Amino acid sequence: MTDANLDPIALVEPLHNTSGVLLRGCGSATPTRSISNDELGKRVDTNDAWIRSRTGIAARRVVGADESLGELSGLAAERALEMAGWKADSLDLIVLATSTPDDLFGSAPRLQARLGAVNAVAFDLTAACSGFLFGLVTAAQYIRSGAMRRILVVGADQLSRWVDWDDRRSCVLFGDAAGALVIEASTDGTDDLEGFLLRSDGSRGAVLQLPQVTERCELIGDASHQQGGFEPIQMNGQEVYKFAVREVPAILASLLNSTGTSPESIDWLLLHQANQRILDAVAERFKIPNEQVLSNLAFYGNTSAATIPLMLDEAVRDGRIQPGHRIASSGFGAGLSWGAALLRWSGPA
Ligand code: UT7
């Protein structure tokens, strides 16, 4: 094959200059239908008082018949591009962090097509509730290496299709949403990703899983193959809770320490929105006042890879997060996986 036959969509010109990362625009989208705790109590043996006091959640959004993960991701991405003032064809890469793609082969290329991001390479990244943070750090490496200039990172999940809606221990927690962030190479050495740490521990993976279930089917002669699908989400809530309140403060402390950052210099604590009690415990550990702890759990529940960009977008659009603000963020969840990042919000140029 000659160069002339190569698809130009797949080609990205290296910039050859290492660079910092700027956070330029964000966007989000949620399904229209909100389901309150009282409504959920009509389906499973639960009630508003229990869910609020144990989790801080009052309602969650669930993708309806005319909606999809692809649609939510597309809307969130369009809003992020609009905030940054960028055309989609200026993107070099799209990273879609999701554990619930519309297509197991990957949903990012469909997002690329929908946006008209004809110059972008697009792929999915799976790291459950840590997915957005892992995706952002991954994307930043392409910029830091000088390989790419503009990248879209989307965190989106539709866990409602994998929740056991008859399991009151888990179904009350989750909701659907998408959030997006667009980042670009800085030209003056500024870096909005001031530091990060990422961790995995597969030996504890069984405490929160969406496992495959297969049966053996005859193929030809003595050869067989496996056929099946996935079981609904299985969660040991208490173990996940203990994991979160132990590992999140520890990784944040390591990050603050390694970057020489004092908790007082942080403007916002932006954690994966899993449980208000987890947010409160982490804030207490670092003596961060309540008003600097971002939380929208009450309205959306745990939207997995979407929680951090969904919360970021809300706080940027309502003016709480201002250009120059520093954000300590941490994602954690199935895998087990967890991570922390020290971010700065630059906003549109
Ligand atoms: O991205 C990470 C995703 N996962 C998480 O973040 C989960 C982290 N874990 C948690 O948030 C909490 O463990 C839960 C909210 C899931 C549960 O709270 P808990 O305080 O750990 O409750 P528990 O599992 O110890 O259950 C206490 C009681 C039990 O009754 P008994 O055995 O004491 O009579 C449960 O059967 O509460 C009962 N229970 C419920 N009652 C009403 C459990 N779920 C419900 C419910 N409504 N939805």
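User: Which exposed residues sit on the face of α4 turned away from its buried side?

Analyst: R110 and A113. This is a predicted model, and its values are computed from it. Exposed calls for a relative accessible area over 50%, and both R110 and A113 are classed that way.

User: And which residues of α4 are buried?

Analyst: Helix α4 runs over residues 108-115, and its buried residues are A108, L111, Q112 and L115.

User: How do you know that these buried residues lie on the same side of α4?

Analyst: Look at the arc. They cover only 105° around the axis, so they fall on the same side of α4.

User: What covers that buried side?

Analyst: Several elements do. Among them are helix α3 (69-84) and the strands β4 (93-97), β5 (121-125) and β6 (150-158).

User: What comes just after α4, and what is its phi?

Analyst: G116 follows α4, with a positive phi near 75°.

User: Let's go to α3. Why is A80 called buried?

Analyst: A80 belongs to helix α3. Buried means under 20% relative accessible area. A80 has 0%, so A80 counts as buried.

User: Which residues touch A80, leaving aside its neighbours within four places in sequence?

Analyst: G25, C26, G27, A180, L181 and V182. Contact here takes heavy atoms within 4.5 Å.

User: C26 is on that list. Is C26 itself buried or exposed, and what makes it so?

Analyst: Buried. C26 has a relative accessible area of 0%, so it meets the cut-off of under 20%.

User: What about C217: buried or exposed, and why?

Analyst: Also use the number here. C217 has 17%, which is under 20%, so C217 is buried.

User: How many disulfides does the structure hold, and what would make a pair count as one?

Analyst: Zero. A pair of cysteine sulfur atoms would have to be within 2.5 Å.

User: Where is H325, and why is it called buried?

Analyst: H325 is in the loop between α10 (307-317) and β14 (326-333). Its relative accessibility is 19%, so H325 passes the test of under 20%. Beyond its neighbours within four places in sequence, H325 contacts D267, W268, R320, L343, R344 and W345.

User: How are two packed helices described?

Analyst: By the angle between their axes and the distance between the axes.

User: What are these values for α7 and α8?

Analyst: Helix α7 (residues 237-258) and helix α8 (residues 276-286) have an angle of about 35°, and their axes are 10 Å apart. The crossing of α7 past α8 is right-handed.

User: Which residues make that contact?

Analyst: From α7, they are Y241, A244, V245, V248, P249, L252, A253 and L256. From α8, they are R277, I278, A281, V282, R285 and F286. Sorted by class, twelve are nonpolar, none are polar and two are charged.

User: D280 is in helix α8. Why is D280 called partly exposed?

Analyst: Check both cut-offs. Buried is under 20%, and exposed is over 50%. D280 has 36%, in between, so D280 is partly exposed.

User: How far apart are D280 and V121 in sequence and in space?

Analyst: They are 159 residues apart in sequence, and their C-alpha atoms are 39 Å apart.

User: What makes A223 partly exposed?

Analyst: A223 is in strand β11 (residues 223-230). Its relative accessibility of 30% is between 20% and 50%, so A223 is partly exposed.

User: What is notable about the phi of K287?

Analyst: The phi of K287 is near 55°, positive in a residue other than glycine. K287 is in the loop between α8 and α9 (297-300).

User: Is K287 buried or exposed, and how do you know that?

Analyst: Exposed. Its relative accessible area is 63%, which is over 50%, so the label fits.

User: S304 also has a phi to report. What is its value, and is S304 buried or exposed?

Analyst: Phi of S304 is near 60°, a positive value in a residue other than glycine. S304 lies in the loop between α9 and α10. At 2% relative accessibility it is under 20%, so S304 is buried.

User: Where is the cis peptide bond between G335 and L336, and what is its omega?

Analyst: Omega is about -10° for the bond joining G335 and L336. L336 is in the loop between β14 and β15 (337-344).

Terms used: Residues numbered from 1 in each chain as written. Predicted model: local features only at pLDDT ≥ 70, side-chain atom pairs only at ≥ 80, totals over all residues. Heavy atoms only, no water. Axes fitted to C-alpha atoms, helices over the stretch in contact; angles between N-to-C directions. Helix = DSSP H or I, 4+ residues; strand = E, 2+ residues; numbered from the N terminus. Left-handed = near helix turned anticlockwise from the far one by under 90°. Nonpolar A, V, L, I, M, F, W, Y, C, P; charged D, E, K, R; others polar. Buried < 20%, exposed > 50% of the residue type's maximum accessible area, 1.4 Å probe, protein only. Arc of directions from axis to C-beta.
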